[in-house]
Amino acid sequence: MPTYREEAVVLRTQRLGEADRIVTLLGRERGVVRAVAKGVRRTSSKFGARLEPFMVVDLQLFEGRQREGRSLDTVTQAVTISPYGADIAADWDAYAAASSMVEAAERLADAADSTHAAEQQYVLLAGSLRVLSRGERRSDGVRDAYLLRALSLAGWRPNFAACARCGTAGGFERVSLAAGGAVCDACAREAGPTIAVSVDAMRVLWALLAGNWGVVEAAGSADRDRASTVVAAYAQFHLERGLRSLHVTDAERRSTLHEPMRSDEV
Ligand SMILES: [Zn+2]
């Protein structure tokens with residue numbers, strides 16, 4: 001059976017029988033790979049903790065047969081490249097953020113239409129997990145910046161610096177998920193439901209996407225929370241089924257969505 005080598009982030013694991021595990025990986029070259037790790041749950045396992053979520057590993061695998069368009073490969077060797085998993089698992093906020101990130105990564109990998117796009121998603125995820133594991137930045141900010149950039153790589157880059165619909169520059173206070181970012185007052189009437197945000201929250205959104213951490217960390221908590229709500233809604237809008245791990249309830253979502261003003265009201 002053909003074998004191959006792949007650098008990968010462990011996205012999630014599932015138990016398989018008494019001692020084995022199925023690991024879902026984001027590979028640098030192959031995108032999402034599902035593989036069996038045999039004997040991984042025995043204390044004597046040579047894989048040990050290397051195949052836990054959020055670890056970056058160098059793997060040898062052999063290819064399984066394709067079944068219904070998916071294949072289940074088998075891990076034969078695993079060497080740790082970056083042990084982010086342990087540090088992330090030790091911090092609840094980091095763990096929650098990382099869980100949202102790997103869930104989004106798995107969905108977005110299907111949207112990657114080329115090897116280059118898959119590799120960019122891999123590099124972004126591994127880099128964001130490294131930042132999380134170091135604990136130097138707020139976990140929610142790392143998660144939100146990751147989501148905005150990962151969605152951008154998938155072709156859904158939002159615009160928070162100007163009206164996403166007509167391009168007018170300015171400090172706007174409404175976000176349209178469908179239009180893909182800030183909308184001016186005129187466009188807000190045409191854009192369908194919009195989310196109200198402060199000018200400062202819009203600036204946080206812009207800074208998250210631009211990687212301007214000074215702005216993100218200087219922002220007030222209300223503005224940061226509002227920006228997080230927008231990021232979660234934007235991710236859910238594009239990932240369709242929504243991310244379970246983001247815990248945004250329908251009631252919360254409804255409270256943030258406003259029907260567009262009708263032109264006869266203004
Ligand atoms: Zn506009």
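Here are legends for a few close-up views of this predicted model.

**View 1. Four cysteines hold the zinc ion.** The sulfur (SG) atoms of Cys163, Cys166, Cys184 and Cys187 are the protein donors, and they lie 2.3 Å from the zinc ion. Read along the chain, the donors follow the spacing C-x2-C-x17-C-x2-C.

**View 2. The geometry at the zinc ion is tetrahedral.** Angles between the four donor atoms run from 103 to 117°, so the arrangement counts as tetrahedral, a label that needs all angles between 85 and 135 degrees. For reference, the ideal angle for four tetrahedral donors is 109.5 degrees.

**View 3. A look at how covered some of the zinc-binding cysteines are.** Cys163 is buried, because its relative accessible area is 1%, under the 20% cut-off. Cys187 is buried too, at 9%. Cys166, on the other hand, comes out as partly exposed, because its 43% falls between the 20% and 50% limits. As for disulfides, the count comes to zero.

**View 4. Helix H3, end to end.** H3 covers residues 115–134, which is 20 residues. From first C-alpha to last, H3 reaches 29 Å, close to the 28 Å expected at 1.5 Å a residue. Right after H3 comes Gly135, with a positive phi near 70°.

**View 5. The buried residues of H3.** Leucines on the buried list are Leu124, Leu125, Leu129 and Leu132. Ala117, Ala118 and Ala126 are buried as well, along with Gly127. Gln121, Tyr122, Ser128 and Ser133 complete the buried set in H3.

Methods:
Residues are numbered from 1 along each chain as its sequence is written. This is a predicted model: local features need pLDDT of at least 70, side-chain atom pairs count only at pLDDT 80 or more; totals for chains, interfaces and linings use all residues. Side-chain values use heavy atoms; hydrogens and water are left out. Donors are N, O and S atoms within 2.8 Å of the metal (3.2 Å for Na, K and Ca); water is not among the atoms, so sites may look incomplete. Four donors count as tetrahedral if all angles lie between 85 and 135 degrees; four count as square planar and six as octahedral if opposite donors are over 155 degrees apart and all others between 65 and 115; anything else is irregular. Buried means under 20% relative accessible area, exposed over 50%, partly exposed in between (1.4 Å probe, protein chains only). A disulfide is a pair of cysteine sulfur atoms within 2.5 Å. Helices (H or I, at least four residues) and strands (E, at least two) are DSSP runs, numbered from the N terminus. The expected span of a helix is 1.5 Å times one less than its number of residues.
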